[in-house]
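Trainee: Hi, have you got a moment to go through a model with me? I'd like to put some questions to you as we look.

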Amino acid sequence: MSCYPVYNNTPVAKQVDSIYENHLDQFLSEGEYKKFNLPNLYDLHRIDNSIKDVENDTAKGYVNLRVYPVPDLKRPNVHEIIGKVNFEQVAYKGDAFGPSWSTFWIQVEVRIPDSWSDYAEVIFDWDCGNEGLVYTEDCQPVQAFSGSERTEYILPKSWQTDHSIHIFYVEMACNGMFGCGGTDQIAPPDPNRHFVLKKADLLVPNLPARALRCDFMIIQQSAKEFPSRSWQKFRARQLCHEIMNAFHPEDPSTIEECRSLAKLYLGEHIDSEYVNETNPNQTKVYAVGHCHIDTAWLWPFAETRRKIVRSWATQLNLLDRYPEYRFVCSQAQQYEWLKQDHPRTYERLKKHVKSRQFLPVGGSWVEHDTNLPCGESLIRQFLFGQRFFQDEFDVRCDTFWLPDTFGYSSQIPQICRLAGMDRFLTQKLSWSNINSFPHSTFNWVALDGSQVLCHMPPADTYTADTNVTDIIHSVFQHKNLANDQAGLLVFGIGDGGGGPTPEMLEKLRRCKGVANTIGQLPEIKLGDSVDDFFDGVFKRTSNAATLPSWVGELYLEFHRGTYTTQSEIKSSMRKAEFSLHDLEYFATLAFVRIPGFKYPVREINELWKTTLLCQFHDVLPGSCIEMVYKDAIPMMHNVFRSSELLIKAILEQLGFRQITSHTTLPDYLLTTLPWNVGGVVDESANTTPLSFYESIDNPNILVRSENYVKHPARAYESNGCLVLRTDKFLVRISKSGLIMSIHDFYNDREVLDLKTGINKTGANQYVLLQDTPLSFPAWDTEIYSLDKYSILTDGKAQIYETGPTKASVLVETPISEKSSIKTVISISGFNNDDDASSIDFSCEVDWHEDYKFLKVEFPVDIHAEYVSYETQFGITHRPTHYNTSWDVAKFEVCHHKFADYSDYNYGVSILNDCKYGFSVHGNLMRLSLLRSPKQPDAHADMGKHYFRYAILPHKGGLSPQVVRAAYKFNSLFRFVNKNSIETSVEALDFVRVDGDENIIVSNVKKAEDEDAIILRLYESLGGRSRCRLTLKNCDIKSVTKCNILEEDIAQVNLQNDEEGCHIQIELKAFEIASFKMSL
């Protein structure tokens, strides 16, 4: 007989979805209803007794704090503190510690109450709102504190039963995880922040209650995030209400009943690593822990060294507690710092690397910017990174890991393949603010056709919190589900370090349980590496053959201001890169020419490491706080000075004395470029300021010309204008300093167009834009800034030099009441009609603006659809129109030494010696010069600046002549005399290249591990090309083509004759090729 009642006198209301869903928030809330809900039971016992409170009965337990304040904002190593200083000052909860960036060491003396002996755990709970690190008495770091997500240190189990007093130490850093910026994270640091000690307690955790917190959290998130018509959503909500109704705060035993209810949804195995996958063919989310530590950003390098040990020591503990957990970490520089600062922790880390739990990834020295460093710098990032990981861990990275940088240069895939990597992970393109990038998993193809398999985590973050939303997004935001159905989830607190927390790993176990028990969530895979994930993609996509491709740069439609902000670090980087190039060239020459010469490998490597460090993706782009640049700019100046001193010493050994005095006239000018770069040179350190140099037989050594310049330069006034003239160009300059005309005599045409475009005032027109981006002032500039600007037309011009080697005009232009610019516009005489001739600009700016952007304009008589911008090892084409939103997004782009705007018959190049931002739209070429953002550095770019640029008109399209002119414009020339009459200039005749002039010798160096020379070349303009490479007067035994790690690829045929040794080279379009010549 049915038990269904006949009568219904107990009506049940239909649940109001929004009310019942919002009600769930109360169960975990720390707010008004805390005492009725779960947070009231997180702790079984808690004490904060001091020793004074329990003098007569220490068995009750206590915490005693004594402090050593470190003077002068220093950051001493632990071995300088423990056992070396006196802890005399007593501290209590409620005390304030500061100011910003100061360090305090706290000696913590604890006695665990006798009554706590049988509990599973006893915790030291510490919260001062800043970063800290626990050290044992034998100086070993064990657990980090961060003020919010990390406040607990699990005390050794033996301390619960030995009834003894124990001591450990807390190193307190008076900065938060994101520095000292106050309420606005990227505001300039507040120098006087203080941090209040809120907690310094011993507690016994209620482990079942804390486990229930994670249970409920995941079920509640399922109720909120699952699709509105899915039964799993409503089952989750109903189960949460059943748990809340079963829970009674006055009866802790109800916690187990609540957990039993939760396991109906989560499964039985959520308290261990044995939450196995049930469907091996199901769509998967591969989860790896990560701790992104910006090597400098809102804190200086020195604080990063402490962030590393805080973060990684904590992760090593988690690896021991969670066997399924895998942690990936990049940046060889950070590993080296840990090795230097904490060798025992480093050895512990190495053991976890060997067990494949702590996984080095990335293959680079730091997570560097890819827009601004030169091509050789990008190569050295991988050379130094891969060699470090190989030497230290016997690991070769297959994946280039760069989740957070501001755009991706078009030759990165080729450089990756040459460094032994065929996979790439990034995420930052999800920040683009105009277009949505169309792919998640795809083949990224370089200019030469080289490709890497790229994955962008669909959750659009490298700091996921392992919530249900993160798991869902890892599949449902995947943009290539038609091609592959797996996504990588990168989880853990990042940027300021930290990494995953225990709660994140507990949530992942429960998410796995949901996937296994009721479905709706994709399967979650823990225990695999990043390479395992990529291996799976290769397997499922026929070795990536079925994936779509993206050719060329990955342009970030955001953070375009980083091409210009912090001008001095960019200028010093460019100079250092060219100096290091020359240092290695001369050192290699000496290694070949001088028996017994000791190649300065250690010194060169240290200079490179400093350079690579300062290419970190916040440092070189200009998005760090002022403290960072007070370190980084002197570091880069020192790289340049040290490099030049080494060059000077090497030249002495080669028989040449470098001339720096004002009284000695140099006979020779040295260059490392293997083509004739003769012309007018400014000998500003000497009595004769200008001379003409030209090569005779050897392109590397130029001789002072004894004859007059065949085609002199002149300056004069005519018809109310100032005129600069050679036999190639006539330049008319107004009395206010604007160029009104550049007439090309050889091609009988006007270079400028002052009639059809927006600029009708003149060339070399300085404009001052209002630069107020929507967010991130140091990072961003927005397209609307192009609508509001002032034209600087109040300059005063006068003739400065009259010729014949050089003629010039000095222009002094006020920018505002606070700022001004002096510009010398010059033109040089020439001897050879085929030599490139340019109009040069040397600028001195006194800059004191607020949220302004200074640019210089050249309206030119060219009309074409795209501009050729020099980028590393090649050319990147970008549009001159706004046809699509993708074109609009590129209103400001990055380039290196030149931008060229050419039609079929004629072109104009703008060269520069330290600038990176550029734009060309319509007929207007604009070079970006200076910005003045106020966050995170309130004084960014304030002060004096010196830079040069040039306009180079030329017949025809972009040609090797432009590439060579840009190298010459940036190269460092050295004045020398012979040390003695026996010195032979023939010793300097080293590298010759004959053939297609678009092949560039980019670097010459000694091999890392062999008595061999590495020569690196690239094809610069985009066409298959050939040349003959000659090493003069060298005894070469064999030649191989090698990768950038200097591993042999193929044997190369070597020819020797009385001139030297020769190899024939053929390069594909934009190919980078390295050759190893064994001595």
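What follows is a chat about helices, salt bridges, cysteines and backbone geometry in this model.

Mentor: Happy to help. This is a predicted model, so local features need pLDDT of at least 70 and side-chain atom pairs count only at pLDDT 80 or more, while totals for chains, interfaces and linings use all residues. Residues are numbered from 1 along each chain as its sequence is written, and side-chain values use heavy atoms, with hydrogens and water left out.

Trainee: Good. Which domains does the assignment give?

Mentor: The domain assignment lists domain 1 (17-26 + 211-266), domain 2 (37-205), domain 3 (284-548), domain 4 (561-658), domain 5 (691-974) and domain 6 (990-1078). Such bounds come from an automatic or database domain assignment.

Trainee: And how far apart are the C-alpha centres of domain 1 and domain 6?

Mentor: Those two centres are separated by 68 Å.

Trainee: Let's pick a helix. What is the span of H8?

Mentor: H8 covers residues 375-393, 19 residues in total, and runs 27 Å from its first C-alpha to its last, close to the 27 Å expected at 1.5 Å a residue. The expected span is 1.5 Å times one less than the number of residues. Helices (H or I, at least four residues) and strands (E, at least two) are DSSP runs, numbered from the N terminus.

Trainee: Is H8 largely enclosed or open?

Mentor: Largely enclosed by the rest of the structure, because 16 of its 19 residues are buried. Buried means under 20% relative accessible area, exposed over 50%, and partly exposed in between (1.4 Å probe, protein chains only).

Trainee: What comes right after H8?

Mentor: Aspartate 394 follows H8. Its phi is positive, about 55°, although aspartate 394 is not a glycine. Aspartate 394 sits in the loop between H8 and strand E16 (399-401), and it is exposed at 61% relative accessible area.

Trainee: Where is glutamine 331, and what is its phi?

Mentor: Glutamine 331 has a positive phi of about 75°, again without being a glycine. Its place is the loop between strand E14 (327-329) and helix H6 (332-341). Glutamine 331 counts as buried, at 1% relative accessibility.

Trainee: Switching to charges: how many salt bridges are there?

Mentor: The structure holds 73 salt bridges. The criterion is a side-chain nitrogen of Lys or Arg within 4 Å of a carboxyl oxygen of Asp or Glu.

Trainee: Back to H8, then. What does arginine 387 pair with?

Mentor: Arginine 387 forms a salt bridge with glutamate 1008, and the closest N and O atoms are 3.9 Å apart. Arginine 387 lies in helix H8 and glutamate 1008 in the loop between strand E50 (999-1006) and strand E51 (1012-1019), so the pair ties together parts that are 621 residues apart in sequence. Arginine 387 is partly exposed, with a relative accessible area of 25%, while glutamate 1008 is buried, at 19%.

Trainee: Which helix holds both lysine 609 and glutamate 606?

Mentor: That is helix H14 (residues 601-613), where lysine 609 and glutamate 606 are three residues apart, about one turn of the helix. Their salt bridge has its closest N and O atoms 3.9 Å apart. Lysine 609 is buried at 16% relative accessible area, and glutamate 606 is partly exposed at 40%.

Trainee: Which residues are linked in a network of salt bridges?

Mentor: One such network links Asp43, Arg46, Asp48, Lys93, Asp125, Glu152, Lys199, Asp201 and Arg210.

Trainee: How many disulfides are there?

Mentor: Zero; the test is a pair of cysteine sulfur atoms within 2.5 Å. For cysteine 397, the nearest cysteine sulfur belongs to cysteine 329 and is 11 Å away.

Trainee: Why is cysteine 511 not bonded to cysteine 214?

Mentor: Because the sulfur of cysteine 214, the closest cysteine sulfur to that of cysteine 511, is 10 Å away, too far for a bond. Cysteine 511 is buried, at 0% relative accessibility.

Trainee: One more topic: which peptide bonds are cis?

Mentor: Among them are the bond joining glycine 98 and proline 99, with omega about 5°, and the bond from glutamine 935 to proline 936, with omega near 5°. Proline 99 lies in the loop between strand E4 (96-97) and strand E5 (103-111).
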